[in-house]
2 protein chains.
Amino acid sequence: MSHFVCTWICFAFFTAGPAFAEQPDPLPTWNDGPVKRAVVDFVANSTDPAHPHFVPEPERIAVFDNDGTLWPENPVPFQLAFVIDELKRRLPEHPEWNDNEIVKAAVEGRLETVVAGGTKALIELLNLTHAEVSTEVFADRVRQWLRQARHPRFDRPYDELAYAPMLEVLNFLRSRGFRTYIVSGGGLDFMRVWAEDVYGIPPEWVIGSYARAEYVLENDRPTLMKRPGVEFIDDKAGKPVAIERFIGRRPIACFGNSDGDKAMLEWTTIGRPNTLGVIVHHTDADREYAYDAAPKSTGKLVEALADAPKRGWHMIDMKTDWKRVFTFDP
Amino acid sequence: MSHFVCTWICFAFFTAGPAFAEQPDPLPTWNDGPVKRAVVDFVANSTDPAHPHFVPEPERIAVFDNDGTLWPENPVPFQLAFVIDELKRRLPEHPEWNDNEIVKAAVEGRLETVVAGGTKALIELLNLTHAEVSTEVFADRVRQWLRQARHPRFDRPYDELAYAPMLEVLNFLRSRGFRTYIVSGGGLDFMRVWAEDVYGIPPEWVIGSYARAEYVLENDRPTLMKRPGVEFIDDKAGKPVAIERFIGRRPIACFGNSDGDKAMLEWTTIGRPNTLGVIVHHTDADREYAYDAAPKSTGKLVEALADAPKRGWHMIDMKTDWKRVFTFDP
């Protein structure tokens, strides 16, 4: 090895980390403003051994809601779009579904009927599309769907719709020794299929709702079968429970966008000065959507919005804080 | 920096890994034999980019049962010893427990009565000692117990009873980029208190049984309360389910000791040539315990023992394979 290469490696080795002053902007898609400053300062302090808010690497846990925080949740959460497309695709093999009012409403696009049926109706549709299938076959179905489906407004595959500024936050945190977990109401098995490609988040950092599963050994072949029946809903007060169950550590950073994320924002930040709570406020109907108190489907943001000032949670104003929303934006 | 230091760092950097021939024995507490060779060869092959069985680092997942695999499970699993000690300690505050036959049997050491009560009796005792308490207070109780309790035979704190040869396996695997998960029938919240100190296994790599929990915000203070009611039993066919739920990847190495580990041994190894399945066979009544078909309490090993040859699972003969069982052995 030449002396030059050796010197270069040593240089890279010793100048990595927070001591390196001449760093490029880690969040170039963000306009300068209080939220960007809060994120950059939080990372600088928590990774600086000399700072009173320094946090050792194993405890650098950041949790992110998914729908509405890392990608859109309109006109419907993307997993519901998958459910509807799956019902349509498989309807020919299941003539009995034609007698099911909820299925008919879903495939005919009468979502108000599905919504009126509440959790019971949703779970019925999930049982039809997410159960009595092996984990392997289910993952293949999600992959196949992602290749074909297009978002109705943006006319792109759903997995191209991650928010560009949030991808920067994920990468920035990971580059500083954070582990970036998804903590979403969406299904574990659904999200793990694409979370690594879309966000760089590996399967073991994806936490979500889950249904019953069963281990089956048949003809000397082991299989995990997804069964009907939701076992855990990872939303609202369920999110801190899931964080404790899956990680066993309290996060120091939390990003959400709706009242479903209020409990995990509280669990992350209350009484803990060296933490960061951030809420994505959907204020941009031109580039994405504008909603909070009265969303069309999910993502209601009322209580967490009211609590933000007293909790010190930072509000992302999508319209002014983000130079671009999607990577394909000009 | 001097050229000498620079050269030394580059040397260390480029010679680390499987190419470095002059390595010390990674398993010095193991006698040479087929199991030691199987473990060493498996690690060499799965970490050698030139080998057909090479496995990229993110997929190097190894799972370990705990009771009977990483530390003893006799005369009773250590968590049951904790339950009994907790019942005794708190009995004065709970005079109503004196009317409970199962509690009385437990505190009076009549374990055959507890065992005769089956899962129902055990869950009753778990609800009394593991519920209606915050996760923080519960962890403190476990810590306090570990400081005071002594194993009846070895007269040591329970957390000094890890098997020395298995600690070497854990360290060896982690030094080669493996993540070493516990997948145990024991309680998540119980194990996470000491797993990092005892095994070097951080909370997020500890998978176990768990009960219901509830997030409570009271007087602006968020708490997670453990509630009565087992939600998931991480044993037998539950183990592959838990592995999929918590990790989302199929392990490539699995260590167990009883029929409770058979399903996860199958899930790890069947039809996957680049994997490792190992069973700790308790053959050493002098230094530890000898049991398989008829254990005194838990740890029955019959079906997995019968299947081992056809599955290619390696049997650790504790008596001949291990030079020492505990770190304090001569």
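How exposed is B:Lys236, by its relative accessibility? I began my notebook with this residue, and I keep in mind throughout that the model is predicted. I found that B:Lys236 has a relative accessibility of 49%, so it counts as partly exposed, since the class of exposed residues begins over 50%. I located B:Lys236 in the loop between β5 (221-232) and α11 (238-246) of chain B, and I noted that its phi is positive, about 50°, although the residue is not a glycine.

Entry on another positive phi. I looked up B:Asp155, which is not a glycine either and takes a positive phi of about 50°. I placed B:Asp155 in the loop that runs between α7 (135-148) and α8 (164-175) of chain B, and I recorded it as exposed because its relative accessible area is 58%.

Entry on cis peptide bonds. I examined the bond between A:Asn74 and A:Pro75 and found it cis, with omega at about 0°; A:Pro75 sits in the loop between β1 (61-64) and α3 (78-90) of chain A. I then turned to chain B, where a cis peptide bond with omega of about 0° joins B:Asn74 and B:Pro75, and where B:Pro75 belongs to the loop between β1 (61-64) and α3 (78-90).

Entry on the two chains. I asked what operation lays chain A on chain B. A turn of 180° with a shift of 0.0 Å along the axis does so, and the RMSD is 0.0 Å; I therefore wrote down the relation as that of a two-fold axis. I also noted that one surface serves both copies, as 100% of the contact residues of chain A recur in chain B. Going through the residues of chain A, I found that A:Phe246 comes closest to the rotation axis, with its C-alpha at 3.2 Å.

Entry on helix α12 of chain A. I wanted to know how many residues of this helix, which spans residues 262-269, are buried. I found eight of its eight residues buried, so that the helix is mostly covered; among them are A:Lys262 and A:Glu266 as well as A:Leu265 and A:Trp267. Just after the helix, I came upon A:Gly271 with a positive phi of about 75°.

Entry on the packing of that helix. Two packed helices are described by the angle between their axes and the distance between the axes. I read off an angle of about 55° between α11 (residues 238-246) and α12 of chain A, with the axes 7 Å apart, which means that α11(A) is oblique to α12(A). From α11(A), the residues that make the contact are A:Lys239, A:Pro240, A:Ile243 and A:Glu244, and from α12(A) they are A:Ala263, A:Met264 and A:Trp267. I sorted the residues of this contact by class and obtained five nonpolar, two charged and no polar ones.

Entry on B:Glu266. In chain B, I looked up B:Glu266, which has its place in helix α12 (residues 262-269). I recorded B:Glu266 as buried because its relative accessible area is 2%. Leaving aside residues up to four places away in sequence, I found that B:Glu266 touches A:Tyr215, A:Leu217 and A:Pro222 of chain A, and B:Arg250, B:Asp307, B:Arg311 and B:Trp313 of chain B.

Entry on the nonpolar core. In soluble globular proteins, nonpolar side chains tend to be buried together. I found that the largest nonpolar core has 195 residues, and that those with the most contacts inside it are A:Trp194, A:Tyr199, B:Trp194 and B:Tyr199. I followed B:Trp194 further and listed B:Asn66, B:Trp71, B:Val142, B:Leu146 and B:Tyr199 as the residues it touches, with residues up to four places away in sequence not counted.

Entry on residues far apart in sequence. I looked up B:Thr327, which lies in the segment after α14 (318-321) of chain B and, at 44% relative accessibility, counts as partly exposed. B:Thr327 is 160 residues from B:Leu167 in sequence, while their C-alpha atoms are 9.4 Å apart in space. With residues up to four places away in sequence left out, B:Thr327 touches B:Leu167 and also B:Glu160, B:Ala162 and B:Ala164.

Last, I looked up A:Pro56, in the loop between α2 (34-46) and β1 of chain A, and noted it as partly exposed at 37% relative accessibility. A:Pro56 and A:His314 are 258 residues apart in sequence and, C-alpha to C-alpha, 24 Å apart in space.

Note on methods
Residues are numbered from 1 along each chain as its sequence is written. Chains are lettered from A and ligands numbered from 1 in the order in which they are written. This is a predicted model: local features need pLDDT of at least 70, side-chain atom pairs count only at pLDDT 80 or more; totals for chains, interfaces and linings use all residues. Side-chain values use heavy atoms; hydrogens and water are left out. Buried means under 20% relative accessible area, exposed over 50%, partly exposed in between (1.4 Å probe, protein chains only). Helices (H or I, at least four residues) and strands (E, at least two) are DSSP runs, numbered from the N terminus. Axes are lines fitted to C-alpha atoms, for helices over the stretch in contact, and angles run from 0 to 180 degrees between N-to-C directions. Angles under 35 degrees count as roughly parallel, over 145 as roughly antiparallel, 65 to 115 as roughly perpendicular and the rest as oblique. Contact means heavy atoms within 4.5 Å. Ala, Val, Leu, Ile, Met, Phe, Trp, Tyr, Cys and Pro count as nonpolar, Asp, Glu, Lys and Arg as charged, and the others, Gly among them, as polar. A nonpolar core is a set of buried Ala, Val, Leu, Ile, Met, Phe, Trp, Tyr and Cys residues joined through side-chain atoms within 4.5 Å. Copies are superposed by least squares on the C-alpha atoms of residues with pLDDT of at least 70 in both.
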